[in-house]
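The exercises below are to be worked through with the sequence and the coordinates at hand. Each task is followed by a solution that proceeds step by step.

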Amino acid sequence: MMRNILLYLMLTMAVINTATAQVWQVSTQDNLQQILDNTEDGDTVILAEGNYFGNFIINSGITLRGSNETIIDAMGKGNGIHLFSSNITIEDLTIINWGDDLTEQNSGIYSDKKAENILIQNNQLQGSGFGIWLQKAEHIKVLNNTIAGDTRLRSADRGNGIQLSMVKHVLVRGNNVSNTRDGLYIISSQENTLQDNTMHDLRYGIHYMYSHSNKVLNNLAYNTRAGYALMSSKHLIVSGNTSKNSEDYGFLMNFITSSTITDNVIENVWTKPENKVLGRDGKGLFVYNSAYNTISNNLINTSEIGIHLTAGSENTKVFGNSFINNPTQVKYVSNKKQEWSLDGKGNFWSNYLGWDMDNDNVGDVIFEPNDGIDKLVWQYPEMKMLMDSPAIVILRWVQRQFPILKPPGVKDSFPLMQSPHQVNTTSVAAIAELPDAQQ
């Protein structure tokens, strides 16, 4: 009986709150901040077309909605909109010209309170600092926004497009971020999903730090230094993503543990000729000090180095991947042997020269993509000019005849004869068009 009474009272209060919620129609002639200060939870503020100048603060759980040409202009300082409450919706606005002080975390939309149930969708943001900064909040959705940085500033002096710090249960989906420092930056956050976003002309497309139990799904990054920089995190699921035209890394994994990197596409990772220095090569996958991960069913196509593992990156399952058209397929720096196959399934290597006598689509000859000569070249890059010399040919022959001389390395006991991936032939052909300095 008591339970029914409580339920009745709760429903009654909900009806009362709905009935008293107010819709505010605002024009550029009105004092927008004064109206925001007078709103109550549940109200809706609809802004007419035009420019609204200032740094606006929202202290109640309202919906702030624009129309076709509603512009919030922060006049070059502070935050465009500062959120101090839960249950806020910001939609259909154009926000421009907020501050560029990264130490003060100047942002187009900013929230650093312990808030819940925030929805930010269908907005256009362009400015020098951070696009959207969300901190200490939970149950947030950031959907279908377009965020652009200020190209007049050096990349390092720009803010990130979307910054998530100490947040949980956040969905970031369908956003387009360009010309900021990093597209999506996530630090000390758990149980979030980044999905179907497009990031381009950035330092890093997605940048993870000190986070765990997150999902990175079906995103696209291009024209970056690194498509996906995953650092000091664990229990990540990184699946269905694409990285194209990166200069240094398709995927950078630094101290990543217990994570799954699967079904991703990495294409055209190549250092620009003007930035080329000794030892700087584009790496499709760079795995540094990372262990107990699964790297499977990825396509690594046309990178200077397909995959580079170093600094104790062991106990990693590597199978079902396609390494295609990479001049150096594997660079492996470790003193422990690794088997790169699982349950009779290895990887596809475009330079594999073995045969398949029983037609089971698995090569009959073990593939070892790196040997002692390779390691010498990695340590002393100047040796590349001697690769076709009789001395190197003899050294390789001696190594084959006396396996005891072979250093620990990668072995694929079940190399695939056919790639499980549909390869973009345009991308494969791209290496033939690169300047001589890149070949």
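**Exercise 1. Overall make-up**

Among contacts in the protein between residues at least 6 apart in sequence, what percentage join residues at least 24 apart? Describe the general make-up of the chain as well.

Solution. The model is a predicted one, and its contacts between residues at least 6 apart in sequence include 47% that join residues at least 24 apart. As to secondary structure, the protein holds five helices and 36 strands. Turning to the surface, 51% of the 439 residues count as buried, while the protein exposes about 20,600 Å², of which carbon and sulfur atoms supply 51%.

**Exercise 2. Two strands and their partners**

Determine how strand β10 (residues 107-111) is placed and paired, and then do so for strand β6 (residues 70-73).

Solution. Begin with burial: five of the five residues of β10 are buried, so this strand is largely enclosed by the rest of the structure. Next come its partners, of which strand β7 (residues 81-83) pairs with β10 in the parallel sense over three bridges, with His82 having Tyr110 of β10 as its bridge partner. Strand β13 (residues 130-135) also runs parallel to β10, and four bridges join them; here Ser107 stands opposite Phe130 of β13.

For β6, the directions of the side chains come next: Thr70 and Ile72 point one way, Ile71 and Asp73 point the other way, and all are buried. Strand β3 (residues 50-53) pairs with β6 in the parallel sense over four bridges, and in this pairing Asn51 stands opposite Ile71. Strand β9 (residues 94-96) pairs with β6 over three bridges, again in the parallel sense, with Asp73 standing opposite Ile96 of β9.

**Exercise 3. Backbone angles with a positive phi**

What is phi of Glu191 near, and what is it for Phe255? Locate both residues and state their exposure.

Solution. As background, most residues other than glycine have a negative phi. Phi of Glu191 is nevertheless positive, near 60°, and Glu191 lies in the loop between β19 (182-187) and β20 (193-195). Phe255, which is not a glycine either, has a positive phi of about 55°, and its place is in strand β24 (residues 242-257). Both can then be assigned an exposure class, for which the partly exposed range runs between 20% and 50% relative accessible area: Glu191 is partly exposed at 40%, and Phe255 is partly exposed at 44%.

**Exercise 4. A strand residue and a loop residue**

Is Asn301 buried or exposed, and which residues is Leu342 in contact with beyond its neighbours within four places in sequence?

Solution. Asn301 lies in strand β29 (residues 299-303) and, at 0% relative accessibility, counts as buried. The side chain of Asn301 makes a polar contact with the side chain of Glu267 at 3.4 Å, and the C-alpha of Asn301 is 6.4 Å from that of Asn326, a residue 25 positions away in sequence.

Leu342, by contrast, belongs to the loop between β34 (338-339) and β35 (348-349) and is partly exposed, with a relative accessible area of 30%. Leaving aside neighbours within four places in sequence, Leu342 is in contact with Lys317 and Phe319. The C-alpha atoms of Leu342 and Asp412, which are 70 residues apart along the chain, are separated by 9.4 Å.

**Exercise 5. Aromatic rings and charges**

How many aromatic pairs does the count come to? Classify two of them and find charged groups over rings.

Solution. The count comes to nine aromatic pairs. Tyr228 and Phe251 form a stacked pair, 4.6 Å centre to centre with 20° between the planes. This pair links distant parts of the chain, since Tyr228 is in strand β23 (residues 220-239) and Phe251 in strand β24, 23 residues apart. Tyr228 counts as buried at 0% relative accessibility, and Phe251 counts as buried at 0% as well.

For Tyr249 and Phe286, the ring centres are 5.4 Å apart and the planes stand at 35°, so the pair is tilted. Because Tyr249 lies in strand β24 and Phe286 in strand β27 (residues 283-288), the pair ties together parts that are 37 residues apart in sequence. Tyr249 is partly exposed at 21% relative accessibility, whereas Phe286 is buried at 11%.

Finally, Lys283 lies over the face of Phe286, at 5.8 Å from the ring centre, and the charged end of Arg203 sits over the ring of Tyr204, 4.4 Å from its centre. One aromatic cluster is formed by Phe323, Trp340, Trp349, Tyr352 and Phe367.

Terms used
Residues are numbered from 1 along each chain as its sequence is written. This is a predicted model: local features need pLDDT of at least 70, side-chain atom pairs count only at pLDDT 80 or more; totals for chains, interfaces and linings use all residues. Side-chain values use heavy atoms; hydrogens and water are left out. Buried means under 20% relative accessible area, exposed over 50%, partly exposed in between (1.4 Å probe, protein chains only). Helices (H or I, at least four residues) and strands (E, at least two) are DSSP runs, numbered from the N terminus. Two strands pair if DSSP finds at least two bridges between them. Contact means heavy atoms within 4.5 Å. Accessible areas come from the Shrake-Rupley method with a 1.4 Å probe; for residues, only the protein chains shown count as cover. A polar contact is a pair of N or O atoms within 3.5 Å; within protein, one must be able to donate a hydrogen and the other to accept it, and residues adjacent in sequence count only if both atoms are side-chain atoms. Rings of Phe, Tyr and Trp (its six-membered ring) pair if their centres lie within 6.5 Å; planes under 30 degrees apart count as stacked, over 60 as edge-to-face and the rest as tilted. A charge sits over a ring if NZ of Lys or CZ of Arg is within 6 Å of the ring centre and within 35 degrees of the ring normal.
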